[in-house]
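Good morning, colleagues. Please take a moment to look at the sequence and the structure before I begin.

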Amino acid sequence: MNQYVPENPLIVQGDHTILVEVAAPRYAEVRDRLQAFAELVKSPEHVHSYRITPLSIWNACAAEISTQWILDTLREFAKYPVPDHVLHEITDFASRYGRLRLERADGGLILVADEAPLAEEISRHRAAGPLLGERLSDSIFQVDPALRGRLKQALVKAGFPAQDLAGYVRGDDLEVALRTLTGGGRPFSLRDYQRRAVRSFYARGEAEGGSGVVVLPCGAGKTIVAMGVMAELQCSTLILTTGITASRQWMREILDKTSLEEHQIGEYSGHNKEVRPVTVATYNIMTYRRSGEDGEFLHLDLFDRRNWGLIIYDEVHLLPAPVFQVTASLQARRRLGLTATLVREDGREDDVFALIGPKKADVPWRELESQGWIATARCCEMRVPLPASQRMSYATADPRAKARLAAENPCKPPLVRRILDRHRGQPTLIIGTYVDQLKRLGDELDIPVLTGATSQEVREDCYSRFKSGRLKTLAVSKIANFSVDLPDAAVAIQISGTFGSRQEEAQRLGRVLRPKEDGNQAHFYSLVSRDTVEQDFALKRQLFLCEQGYKYRIEDLSGDLQPVGAAEGAPQ
């Protein structure tokens, strides 16, 4: 196509970036397509920027998205002709996926290249070459099974990701069936998108399946997808979670929705050390050292304590480095990663691809919202000024102190009260990063505050009262960022965040996305100090959610709030 199409939203540039005009008539249509093969970089009000990378194309290939579909999408929605070299380079990126294959042969592991020159190039590669064993032919190498993961990491970084067709160990047998009625007597079955995710991961039990990541928004049932996989595989399973609250939620869900019984499920944590056919452990216990940073990891042997057939990594975007290292040696076991966003703030998305596996399913959030599977969310960024008494302190502070001064702006508590009045009676979470700020607010509002120092018993009691409706407002620190099931939460008020963390923003919105029995509307408020670094952080934090189609309404409260401690501190 060599013509100018003014109504089309895309401008594809020669540096592999794509500019997308948000106001264009076909914007919504193309946004969901772009997610399949490009990464969102910036999302200001009018023009969003995406980037095509080798990893984004390889994930698309692994999800069986054809190269032709990607090229056709760019051509169909482009305002101007797509540069020829970009089309050629996308084709080249895609062609690299699968040119190297890990396979089984005579009981051993081999790496097979599709041609001798590529095999020679890999053999000379500084990182990949030393991991290869004996050269069996012009294009085949022996591989030490213990180096399977490290080799895959090296090959991704070399630009030629290996397609792993070497298969998996069976693991100990375990009979698992999904219930048709939950333990509470409610009808239960997999939703269509959950069934597709299970099917994509399982791949009929063949070597093409068995490792990879399922990306679904919070509240969309990632745990249920995992149970569907367990029912397909019928094997012992190790589940790694973000904390003890998440572990116990997993255990309750498994008992409620599968045929497994209590004696078959073990909790491996700081409280209990049970190793059973299904064992649920925390990342914290797996990375615990006796003697600080240089000490030995005491519990990593859990990976070898049973013949696991499946390892599930909950919130895989948080996978800590020591578990990455062990996972490199666990490539013969099936691995399922679950997450709401593959964004990692440490940039190790390629290691997730190499060691856990490629993206197997990714359903756009707004698609599930339109079908009623998650709540409809309204996002609002509320900008408040720093009080005059703090402006000079802010101006002279170092960058980290600036961030904290902005986050703990004393004009925020009156705004929290105003929002609570606006949504009086609705279950509301107040979420923040700084514990002192939360405690002050908890004292003012006379509400419980849960932090990392709160005992598990107190946490469970507050969560229970919140779920039952006896407690309407709860303040939580970063402990509630992940895997906390509070299905009736309808309002979230974020008073401070961890710098520009996109994953944190997505997870915090996720706290209110579970479908509601009484209506299906959720509200997410982010309180930001105007003209500070916090406003800059907010733009970055919102990036992933903008990719999913969410828009933030901006409310600028310039002078109608007085800081706590002022003569008239009550909300207007």
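I shall speak first about empty space in this structure and then about its salt bridges. Please bear in mind that the model is a predicted one.

Let me begin with the enclosed space. The count comes to one cavity of 30 Å³ or more, and the largest cavity has a volume of about 150 Å³. Its lining comprises 16 residues, of which S496, G497, F499, E534 and R541 are the closest to the centre. Three elements, α16 (399-407), β22 (521-529) and α21 (533-541), each contribute at least two residues to this lining. Helix α21 gives the most, with four residues. In terms of class, eight of the lining residues are nonpolar, five are polar and three are charged.

I turn now to the open space. The second largest pocket has a volume of about 1,000 Å³. It is lined by 43 residues, and those closest to its centre are A62, A63, S200, K359 and K360. Among the elements that each supply at least two lining residues are α2 (54-62), α6 (148-158), β9 (162-164) and β16 (359-362). Which element gives the most to the lining of the second largest pocket? That element is α7, with five residues. The lining of this pocket divides into 23 nonpolar, seven polar and 13 charged residues.

My last topic is charge pairing. Side chains of opposite charge can pair when their charged atoms come close. The structure holds 41 salt bridges, and I have chosen three for discussion.

In one of them, the side chains of D164 and K152 meet at 2.9 Å, N to O. Because D164 belongs to strand β9 and K152 to helix α6, this pair ties together parts that are 12 residues apart in sequence. Are these partners buried or exposed? D164 is buried, at a relative accessible area of 10%, and K152 is buried as well, at 6%.

Another salt bridge joins E267 and R248, with 3.0 Å between the closest N and O atoms. This pair links distant parts of the chain, since E267 is in strand β12 (residues 265-268) and R248 is in helix α9 (residues 244-257), 19 residues apart. E267 is buried, at 5% relative accessible area, whereas R248 is partly exposed, at 21%.

Helix α9 also holds both K257 and E253, four residues apart, about one turn of the helix. Their closest N and O atoms are 3.2 Å apart in a salt bridge. K257 counts as buried at 10% relative accessibility, and E253 as partly exposed at 23%.

Finally, salt bridges with shared partners join R26, E29, R33 and E76 into one network. Thank you for your attention.

Notes. Residues numbered from 1 in each chain as written. Predicted model: local features only at pLDDT ≥ 70, side-chain atom pairs only at ≥ 80, totals over all residues. Heavy atoms only, no water. 1 Å grid on protein atoms, 1.4 Å probe; cavity = no way out; pocket = protein on both sides within 12 Å on 5 of 7 lines; lining within 4 Å. Points joined across faces, edges and corners; volume = space filled by probe spheres on them. Nonpolar A, V, L, I, M, F, W, Y, C, P; charged D, E, K, R; others polar. Salt bridge = Lys/Arg side-chain N within 4 Å of Asp/Glu carboxyl O. Buried < 20%, exposed > 50% of the residue type's maximum accessible area, 1.4 Å probe, protein only.
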